[in-house]
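Let's take a walk through this two-chain model, starting where the chains touch and then moving through sheets, helices and cores.

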Amino acid sequence: MSMNNEIVREFLLEAHENLSLLDSDLVILEERPTEKGTLAQVFRTLHSIKGTAGFIGLPKLQAVAHAGESLLSRLRDGELRFNRSIATALLQVVDAMRFMLASIEKSGNEGDGDYTSLIAELDRLRMTGGGEAAGSAAVPESPPPAAPAVPATLVLPPRAFGGVDFPRASEREASEMTMPLPAMPPLPAASAMPRETIQASPPAPPTVDEEPFEPRPTAVADTNIRVDVTLLDKLMTLVGELVLARNQIIRYSASYGDTGFQDAVQRLSLLTTELQESVMKTRMQPIGNVWNKFPRIVRDLAVGCQKKVRFEMEGQETELDKTLIEAIRDPLTHIVRNAVDHGIEPPDVRRERGKPEEGRLRMHAFHEGGKVIIEIQDDGGGIHVERVRERAIQNKIISPQEAALLSHAELLRLILLPGFSTAEKVTQFSGRGVGMDVVRTNIEKIGGTVDLESVEGQGTTIRTKIPLTLAIVPALMVSSAGQRYAIPQVSLVELVRVESEHASTAIESIQGAPVYRLRGNLLPLVDLNEQLGLAIAQRSDRDLNIVVLQAEDRQFGLVVDEIRDTEEIVVKPLQKQLKGLNTFAGATILGDGRVALILHVVGLAERAGVISGVKARSLVQHQTSGEQPADQGESYLIFSGTLGGQMALPLSQVARLEEIPRESMETVGGRQVVQYRGEILPLVDVSRQLDRLSLGSQTVEASARDRVAELPEVAQVVVCGGGNGPVGLVVGQILDVVHARVAGSTEWNRPGVLFTAVVQEKVTEFVDLQSLVR
Amino acid sequence: MTLSQQYCTFYLGDQCFGLDVLRVQEIIRQQAMTCVPLAHRVVRGLINLRGQIVTAIDLRRRLDLPDRAEDCEAINVVVHTDNGAVSLIVDEIGDVVDVTVQPFERPPETLSGPARELVEGVYKLPGKLLLILNPDLAVSIPGN
C-alpha cells in the first residue's frame, strides 16, 4: 500500500467528504423518502466509493458498499420504498465504512471487523423492503429485550441522547451499533434505554483495539482543507511584499551598529524566507497530476496506430506551481502524441531496424537550477533532418541558400516554427501541421524553453525547461535616463561591455542602423532611451553597455545607460490605463520601495523593428531567388567589385560578412578556398568572375597563383548560401544596405547579372548568385 | 433631484472640484513616481501604495489645463475603480463638503473640452462653484 500512498490519501480525503454527504442525504431521505434527486445522489456517492475501494484493493469496504448499493438500486428503481429501517441500515453502512477508513489511515488496512451481519441485513432489506419487519430494523439478529419494538423509538428526541445533535441522532446511534464498543468514549447521559439497544446490537465487538481511538475525525480529513486559489494568490502577493520590506530593513540595518537590532533583523530575514517558501509550497502540485492521464493517451494512441509502446514515467513527484501545471498540460500532450504517432515506428519497421518491437517512451521530470526540466524521450525513428530541410524550403520557411548553411541543431529547431510538420501522412491523431510551434509558443508564454535533440534512427528527446513559479521571477535591473527597468532573465542571453575607447569603432552603422559584431554575427542594436522616447544620453565618452536579448528567433542588443544587478522581482500587472503599452510586461516594487517597469522584450523588439509581428517567427520573411519582389521591396547589400563598379545582392542571400586575410586562402584544384568554421568555403571574386562569364571560354584562364595575387591583403568576403553549399564572394568594399523596390533594366546585362538599376546615384549591377557560382 | 452626498473637494488652480467621498480611498502627499515612457501624457507615472502599484493620472492634463508650476507640490487623491485604485494628481486638497441641501445644476452648455464630459454637475457654494467630476471618466485615458 505504501506504493500508492498518494492515491490512498486522496481516496481517504474524498471518501470522508462523501461519507459526510451520505449522512446528510440519508437523513433527508428518511424525512422525504420520495426525493428522487437525493436518492440518485446517494447512489452515485456510494457507487464512487465502491469503485475506488475496489480499485485500491479494499475488499471489505467494497463488499459493504456493494451491499448498500444493491439495496439502493432497488429503491432507485421504485421497487422498494425508503423507510426508516432502510435508512438505519444505510447509515450503518456509512459508519462501517467510516470505521474502515479510520483503520486504513491508522494501520494501512481495513481492520478485521466482521460486517457479514450488516451485509446480511442489507440483503434482507433488499429482498423484503424491511417495512413490515419493523422490530428488526436496526438490529438484525436477536433484538434485545430492552429494545423497543417500534423503530420510531430509535429516533428518540435528541434530549434522550444527552445533547447529541438531532439530525445526527439516528446516525450516531447506528454508528455506535457497529463500532467496536470498548473503544468508545462513554456517553454518560445516553446510558438509558438507547444505550442498551446499542450494547445488544453489535454481533460481537469485531476487533478489540487496545488503544482507545476516535472513530469519527481522522487525520487526513483534519489536516486537509480546500482553499480558494485566489486566497493563496493574495498570500503570495503579501509574502512578496514582505520579502521586499525585509530587504529594505536589511539595507538600513547595515548602517546601525546595534547588535541586538542586527540579530532581530537576521531572525526576521530567516523567518521571511521560510514563510515565502511555505507559501510557495501551498501552490505547488506534483507534476504527476498532469501526467496521470498520459498512460491512457499513449495506450489509445498506440492501439490506434498499431504500435507497441512502453510508457515510463519518472519524477512524477516533482512539484511546480498550479497555474504552470495547467499551462503545460496541452503542450505535453502534444509532444507525447507526436512521439507515439510520428516518433516510434510500427513494430515491423522496428524489427527491420534491429530494435525491439516495443518502442519506449519516457517522461522524466526533475529540478535543475531553479527550474523544472521535463524530458520526453522516445527511441523511435528520430527526425529526418534532410526532410526537415526540404520541407522548410517547400513551405517557404527558409530559402534554399539559407537551408544550405544551417547546422544539424539549427535544422532541428526549424520544426518549432509555425506551419511545419514532417509527418508524411496526416493521421487521426496528429500531423496537421499545427504542431511544435504551438508547443513552443505555449511553453514560452510561461517563461519556459523548448529544446530538442534527435539522432536519426535512434530517437528524439524533447526537453522543456519551466520556471517553478511565475509570481516571482529573476530579472536583470538596468537603468536608462535615470529610471530603472527590469528585464526578465529568461530573455537574457549575455551582457557585453564595450570600452569607451573602442565604442566608436565597434559600433558600425548600416544605413543609419547601428550594429555590433558579436563573434562574427551582426547584432542589431536598439537604444532603450531612443525606443522609450527618453533623453538620449551622450554615450560617446562612456563605456557602452549592451544587453543581448532573445526575442523569438532573433537576438538583438539593447543599449542601456547602466547595468545593475539581478533581483528577484514580484511581477504585477499594469492597470487598464497602461494596457496598450506593448513595451512593458508589468511593474514591480523594488527593495527601496520604488516602482520599476518590467520590459517586454518581444514587444520592444517589435517596436524597434527587430522582429515584425507574425512574420517574425519564420527565419526569413521573403523568398528570394533574384527576381524582383512583387510589392514591398527588399533589402540589398551594396558593394563594390574588386575591379570597381557598384553591385548589389539581395540581403536574404547573405549569411555573413567576413574579412579573410590573404595568407589563410588556399588553392585547391585551381580554385581558391578558405577554411571557414570547420568547412571548406570556395571563394569567388565577383568582378573577375563576371568578366570571365561575359568573355566566355575564349579567355585564357589566369593561373591560380595569379588569382590569389590579385586579391588584396585582407579580402572582404560576403558569405552566401548557394544551392550547393555556402560560397564566399570576394568583393572590393562593403558599401551599404538599402531597402528598396528596385525597377531595373535588363538592357545592359551581361551574363551573371540579373538587371541593372540606379542605386544611390550610381549604376548598380544586381548580380545573380546562381550563375556566379555555377 | 435630491442628492444627499458628501464630496471630497480639491483645487486645480482656483477652480474647486469635487468627487463622491465614497469613491475616494485616501489622500496622500506627493510620492516617488516612476515615469512610464510611451504612455499617454495624462499618465504621470506609477506609485507604490503600500505594495500596490497605482497609476497616477494628472488631472490638470486630463482636463487640458496648463501644467502646474514645477515647485508646486502635488497631492494624490486615490480613487477606487473597478480596476483597482487609481490616483488623481491635484494641486491642493479642500474640505469634505456636505451638499445634501445644495442646489445642483447641470454643467453649462458652453463648457468645452474634456471638462464637458467629465463634469457631472455644478454646485453653487457660497463664493465659489463646485464642479462634480465623474470618477470613472476622470481616471480614464482620453480617446479610449
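## Where the chains meet

The contact between the chains draws on 19 residues from chain A and 19 residues from chain B. On the side of chain A that touches chain B, the elements giving two or more residues are β17 (584-589) and β18 of chain A. The largest share of that side, three residues, comes from β18(A). Keep in mind that this is a predicted model.

## Chain A in outline

Chain A has 24 helices and 29 strands. Of its 774 residues, 36% are buried. Among contacts in chain A with a separation of 6 or more, 67% are between residues 24 or more positions apart.

## Around β9

The interface strand β18 (residues 595-599) of chain A also pairs with β9(A), in the parallel sense and over two bridges. Here A:Tyr485 stands opposite A:Leu597 in β18(A). Strand β9 (residues 483-488) of chain A is mostly covered, with five of its six residues buried.

β9(A) has another partner too: strand β8 (residues 472-480) of chain A pairs with β9(A) in the antiparallel sense over six bridges. Within that pairing, A:Ala475 has A:Pro488 in β9(A) as its bridge partner. The hairpin of β8(A) and β9(A) has two residues between the strands, and A:Ala481 takes a positive phi near 50° there.

## Two open sheets

Next come the sheets. One open sheet has six strands in the order β10-β14-β15-β13-β12-β11 (chain A), and its pairing is mixed. β10 (492-498) and β11 (507-510) of chain A stand at the edges, each with a single partner strand, so one side of each has no neighbour in the sheet. From one strand to the next the twist averages 40°.

At the β11 edge, β11(A) pairs with strand β12 (residues 513-518) of chain A in the antiparallel sense over four bridges, and the bridge partner of A:Ser509 in β12(A) is A:Pro514. This sheet has a helix across it as well: α21 (residues 601-608) of chain A lies across β13 (521-527), β14 (544-551) and β15 (554-560) of chain A, running at about 105° to β14(A).

A further open sheet has five strands in the order β27-β19-β20-β29-β28 (chain A), again with mixed pairing. Its edge strands are β27 (733-740) and β28 (753-759) of chain A, each pairing on one side only. The twist in this five-stranded sheet averages 30° from one strand to the next. At the β27 edge, strand β19 (residues 634-640) of chain A pairs with β27(A) in the antiparallel sense over seven bridges, where A:Phe639 has A:Ile734 in β27(A) as its bridge partner.

Here are the strand pairs described so far:

| Strand pair (chain A) | Sense | Bridges |
|---|---|---|
| β8(A) and β9(A) | antiparallel | six bridges |
| β9(A) and β18(A) | parallel | two bridges |
| β11(A) and β12(A) | antiparallel | four bridges |
| β19(A) and β27(A) | antiparallel | seven bridges |

## A helix pair

How do α13(A) and α18(A) pack, and at what angle? Helix α13 (residues 322-343) and helix α18 (residues 436-445) of chain A pack at an angle of about 155°, with their axes 9 Å apart. That angle is why α13(A) counts as roughly antiparallel to α18(A). The crossing in which α13(A) passes α18(A) is left-handed. On the α13(A) side, A:Ala327, A:Asp330, A:Pro331, A:His334 and A:Ile335 meet A:Val438, A:Val439, A:Asn442 and A:Ile443 in α18(A).

## The cores

Which residues have the most contacts inside the largest nonpolar core? They are A:Ile487, A:Leu558, A:Leu599, B:Ile57 and B:Leu88, in a core of 77 residues. Leaving aside neighbours within four places in sequence, B:Leu88 is in contact with B:Ile57, B:Leu59, B:Val77, B:Val79, B:Ala138 and B:Val139. A second, separate core has 42 residues, including A:Val340, A:Met363, A:Ile383 and A:Val439.

## A glycine in a loop

One last stop is A:Gly381, found in the loop between β5 (371-378) and α15 (385-394) of chain A. Is A:Gly381 buried or exposed? A:Gly381 is buried, because 21 other C-beta atoms lie within 10 Å and the cut-off for buried is 20 or more. Leaving aside neighbours within four places in sequence, A:Gly381 is in contact with A:Gly343, A:Glu345 and A:Gly457. A:Gly381 and A:Glu345 are 36 residues apart in sequence, yet 6.2 Å apart in space, C-alpha to C-alpha.

Conventions
Residues are numbered from 1 along each chain as its sequence is written. Chains are lettered from A and ligands numbered from 1 in the order in which they are written. This is a predicted model: local features need pLDDT of at least 70, side-chain atom pairs count only at pLDDT 80 or more; totals for chains, interfaces and linings use all residues. A nonpolar core is a set of buried Ala, Val, Leu, Ile, Met, Phe, Trp, Tyr and Cys residues joined through C-beta atoms within 7 Å. A residue is buried if 20 or more other C-beta atoms lie within 10 Å of its own, exposed if 12 or fewer, and partly exposed in between; C-beta atoms are placed from the backbone. Two residues are in contact if their C-beta atoms, placed from the backbone, lie within 7 Å. Two strands pair if DSSP finds at least two bridges between them. Axes are lines fitted to C-alpha atoms, for helices over the stretch in contact, and angles run from 0 to 180 degrees between N-to-C directions. Angles under 35 degrees count as roughly parallel, over 145 as roughly antiparallel, 65 to 115 as roughly perpendicular and the rest as oblique. A crossing is left-handed if the near helix is turned anticlockwise from the far one by less than a right angle, and right-handed if clockwise.
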